[in-house]
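Thanks for sharing this one. My notes follow as numbered points, best read with the structure open beside them.

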Amino acid sequence: QVQLLESGGGWVQPGGSLRLSCTASGRAFTGNTMAWFRQPPGKDREFVAGVKRSSGIPSYGGSLKGRFTASRDYAKNTLTLQMNSLRPEDTAFYYCAATNRLLITTSLTMEHEYEYWGQGTQVTVSS
């Protein structure tokens, strides 16, 4: 069984930074793809960032590149999301997702491609 554990959420003022971490455990985990999704209040869940083991190059949703940076530590089975210049619209529940399958880049954004999900962590950006 694979478990994903997120940490690092919390409250921050606009313009501030937060760092989220997701650690995967379980013998079945190969971690070919890990990603972050988020669900703002009253909205659908959306893709934030993902990293494939095959390339190691992060992909980002929307206009997040430049403010958000995703990175993986393959030895520790972790996925980190550094979030800078946070805005109130970044307020959301952030979820870590993973799959053992090799996804093509265009599939990274699709929730149904991921079979493992964490419980999520709340990020609140307000003054």
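Are Phe37 and Phe47 buried or exposed? Phe37 is buried, and Phe47 is buried too. Please keep in mind throughout that this is a predicted model.

1. Let me stay with that pair for a moment. The rings of Phe37 and Phe47 meet edge-to-face, with 5.6 Å from centre to centre and 75° between the planes. Phe37 belongs to strand E4 and Phe47 to strand E5, so this contact ties together parts that are ten residues apart in sequence.

2. The two phenylalanines have aromatic company. Tyr114 and Trp117 also form an edge-to-face pair, at 6.2 Å centre to centre and with 70° between the planes. Tyr114 is buried, with a relative accessible area of 5%, whereas Trp117 comes out at 25% and counts as partly exposed. Trp117 falls in that middle class because buried means under 20% relative accessible area and exposed means over 50%. Ring pairs join Phe37, Phe47, Tyr114 and Trp117 into a cluster, and the count of aromatic pairs comes to five.

3. Do have a look at Arg45 as well. Arg45 lies over the face of Trp117, at 4.0 Å from the ring centre. Arg45 also lies over the face of Tyr95, here at 4.8 Å from the ring centre. Trp117 therefore has a ring partner in Tyr114 and a charge over its face from Arg45, since CZ of Arg within 6 Å of the ring centre and within 35 degrees of the ring normal is what qualifies.

4. Next, strand E4. Six of its seven residues are buried, so E4 is largely enclosed by the rest of the structure. E4 has an antiparallel partner in E5, with six bridges between them, and another antiparallel partner in E9, with seven bridges. On the E5 side, Met34 stands opposite Val51 and Arg38 stands opposite Glu46. On the E9 side, Thr33 faces Thr99.

5. Strand E5 is mostly covered too, with six of its seven residues buried. E5 runs antiparallel to strand E6 (residues 58–60), and three bridges join them. Val51, which stands opposite Met34 in E4, also stands opposite Pro58 in E6.

6. Two turns deserve a glance. The E4 and E5 hairpin has six residues between its strands, and Gly42 in that turn has a positive phi of about 75°. In the hairpin of E5 and E6, five residues lie between the strands, and Gly56 in the turn has a positive phi of about 75°.

7. Now the interior. In soluble globular proteins, nonpolar side chains tend to be buried together. Here the largest nonpolar core has 28 residues, and those with the most contacts inside it are Leu4, Met34, Trp36, Phe68, Leu81, Met83 and Tyr94. Two or more residues of this core come from each of strands E3 (18–25), E4 (33–39), E5 (46–52), E7 (68–73), E8 (78–83), E9 (92–99) and E11 (121–125). Apart from it lies another core, of seven residues, including Phe37, Ala97, Leu103 and Leu108.

8. Which residues does Leu4 contact, leaving aside its neighbours within four places in sequence? Among them are Cys22, Thr23, Ala24 and Met34, then Cys96, Ala97 and Ala98, and also Tyr116, Trp117, Gly118 and Gln119. Leu4 thus touches both Cys22 and Cys96, which brings me to my last point.

9. How many disulfides does a search of the whole structure find? The search finds one, and it joins Cys22 to Cys96 with an S to S distance of 2.0 Å. The torsion about the S-S bond is about -80°, so this disulfide is left-handed. Cys22 sits in strand E3 and Cys96 in strand E9, 74 residues apart, so to speak a link between distant parts of the chain. Both Cys22 and Cys96 are buried.

Notes:
Residues numbered from 1 in each chain as written. Predicted model: local features only at pLDDT ≥ 70, side-chain atom pairs only at ≥ 80, totals over all residues. Heavy atoms only, no water. Core = buried A, V, L, I, M, F, W, Y, C linked by side-chain atoms within 4.5 Å. Buried < 20%, exposed > 50% of the residue type's maximum accessible area, 1.4 Å probe, protein only. Helix = DSSP H or I, 4+ residues; strand = E, 2+ residues; numbered from the N terminus. Contact = heavy atoms within 4.5 Å. Disulfide = S-S within 2.5 Å. Pairing = 2+ DSSP bridges. Phe/Tyr/Trp six-rings, centres within 6.5 Å; stacked < 30°, edge-to-face > 60°.
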